[in-house]
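Pull up the model and keep it turning while you read. We'll go from place to place and see what sits where.

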Amino acid sequence: MRQPLVAGNWKMNGSIENIKELLDGIKQGIKQGIKQGIIEYGLDKGNSVEIVVCPPSIYLAEVHSQIKDSAISLGAQNVSDQASGAFTGENSVSMLKDYGCKYSIIGHSERRTLYAETDQFIAKKFAVVCEAQLIPIFCIGELLEEREAGKTEDIVSRQIDAVLDVVDISAFKNSVIAYEPVWAIGTGKTATPDQAQEVHAFIRKKLSDLDADTGAQVQILYGGSMNASNAEELLGMPDIDGGLIGGASLKPTDFLAICNAANATVNEKESLV
Ligand code: PGA
């Protein structure tokens, strides 16, 4: 059984004041849920959901200190492909580790489209992140015109193949993939559960064909306008193991509702095993 994971990608949002509010809200919700016995958050709690927050890098230290005694894990939104040196504005894997990051998002579609990050550049970051024993949350997904041209599977395959050119398939065992159809990100237009499941199953099969264990173990998140109302249906699909949440991760009640939905569906999925 794969552990569900819900990661909040705050993007370039937040301030010192509202970070505290947001985290207090999430921590409070976790405590309440545990008290009521309806949820058991955290890594060591069987198959219950792991919650990750990915703040802007300037706030990593602050968030790190605020989540120290909680069940929340920390992730970065991006990382350099270089170890150190003259790379103005970049943060290295060792810097992320200094502030307790367990994850780093890489290859987000905003990085691909707005900052011209290529498949090969992202693949290099994937390798650097794995080597540092951080866990990449590797984002892939097609544009609307690519979906309409029936190219979704070709696109996600190409994005994965670029990574497989530089790492062994087994690296995916300790990685998270986020399938994020670009047309669904921040648009309020969510993929239907069937549309998402179809691509998730395709990705899992592609990896399983190379190594059955890796395919069975890799967590595949869905991202793209997931919210409190559509989460349960999406997360109930057999190959959707969690969510990468943008807009809805900025409101504690919405974010917690998604985490609760992930917990609810893991119980349903377990009863089917
Ligand atoms: P969204 O963003 O939930 O606001 O669509 C998801 C993402 O970009 O990871």
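Helices and strands here are DSSP runs, at least four residues for a helix and at least two for a strand, numbered from the N terminus. With that naming in hand, find lysine 11, which sits in the loop between β1 and α1 (16-35). Keep in mind as you look that this is a predicted model.

What is notable about the phi of lysine 11? The angle is near 50°, a positive value in a residue other than glycine. Most residues other than glycine have a negative phi. Alanine 116 is another case, with a phi near 55°. Look for alanine 116 in the loop between α4 (109-114) and α5 (119-131). With a relative accessible area of 58%, alanine 116 is exposed, because anything over 50% goes into that class.

Stay in this part of the chain for a salt bridge. Arginine 111 and glutamate 117 bring their side chains together at 3.0 Å, N to O. Are the two partners buried or exposed, or partly exposed? Arginine 111 is partly exposed at 23% relative accessibility, whereas glutamate 117, at 7%, is buried. The cut-off for buried is under 20%.

Just back along the chain you'll find glycine 107, in the loop between β4 (103-106) and α4. Glycine 107 is buried, with a relative accessible area of 2%. From its C-alpha to that of valine 218 is 17 Å, and the two residues are 111 apart along the chain. Another buried glycine is glycine 223, at 0% relative accessibility. Glycine 223 belongs to strand β7 (residues 219-223). Between the C-alpha atoms of glycine 223 and serine 249 there are 11 Å, with 26 residues separating the pair in sequence.

Now for helix α8, a good place to linger. α8 is built from 18 residues and spans 26 Å from first C-alpha to last, close to the 26 Å you'd expect at 1.5 Å a residue. Which of its residues are buried? They are Pro193, Ala196, Gln197, Val199, His200, Ile203, Arg204, Lys206 and Leu207. To make sense of the spacing in a list like that, remember that an α-helix has 3.6 residues a turn, so residues three or four places apart point the same way.

Two lysines of α8 make a nice pair to look at side by side. Lysine 205 lies in α8 and is exposed, with a relative accessible area of 52%. Lysine 206, on the other hand, counts as buried at 18% relative accessibility. If you want a sense of distance, lysine 205 and tyrosine 115 are 31 Å apart, C-alpha to C-alpha, and 90 residues apart in sequence.

What does lysine 206 pair with? Its partner is aspartate 161, and the closest N and O atoms of this salt bridge are 2.8 Å apart. Aspartate 161 belongs to helix α7 and lysine 206 to helix α8, so the bridge ties together parts that are 45 residues apart in sequence. Aspartate 161 is partly exposed, at a relative accessible area of 32%.

The model has 16 salt bridges. One of them joins the side chains of aspartate 241 and arginine 2, at 2.9 Å from N to O. Here distant parts of the chain are linked: aspartate 241 is in the loop between α10 and β8 (242-245), arginine 2 is in the segment before β1 (5-9), and their positions lie 239 residues apart in sequence. Aspartate 241 is buried at 6% relative accessibility, while arginine 2 is partly exposed at 21%. Both also take part in a network of salt bridges with Arg204 and Asp239. You've already met Arg204, as one of the buried residues of α8.

Finish with charges on the surface. Glu153, Asp154, Asp194, Glu198, Glu232, Glu233 and Glu268 form a negative surface patch. Which helices each supply at least two of its residues? They are α7 (152-164), α8 (193-210) and α10 (231-235). Take glutamate 233 as an example: you'll find this residue in helix α10, and at 57% relative accessibility glutamate 233 counts as exposed.

Methods:
Residues are numbered from 1 along each chain as its sequence is written. This is a predicted model: local features need pLDDT of at least 70, side-chain atom pairs count only at pLDDT 80 or more; totals for chains, interfaces and linings use all residues. Side-chain values use heavy atoms; hydrogens and water are left out. Patches are made of residues with over 30% relative accessible area and no salt bridge: like charges are joined within 9 Å, nonpolar side chains (Val, Leu, Ile, Met, Phe, Trp, Tyr) within 5 Å. Accessible areas come from the Shrake-Rupley method with a 1.4 Å probe; for residues, only the protein chains shown count as cover. A salt bridge is a side-chain nitrogen of Lys or Arg within 4 Å of a carboxyl oxygen of Asp or Glu. Lys and Arg count as positive and Asp and Glu as negative; His and the chain ends are not counted. The place of a charge is taken as NZ of Lys, CZ of Arg, CG of Asp or CD of Glu. Buried means under 20% relative accessible area, exposed over 50%, partly exposed in between (1.4 Å probe, protein chains only). The expected span of a helix is 1.5 Å times one less than its number of residues.
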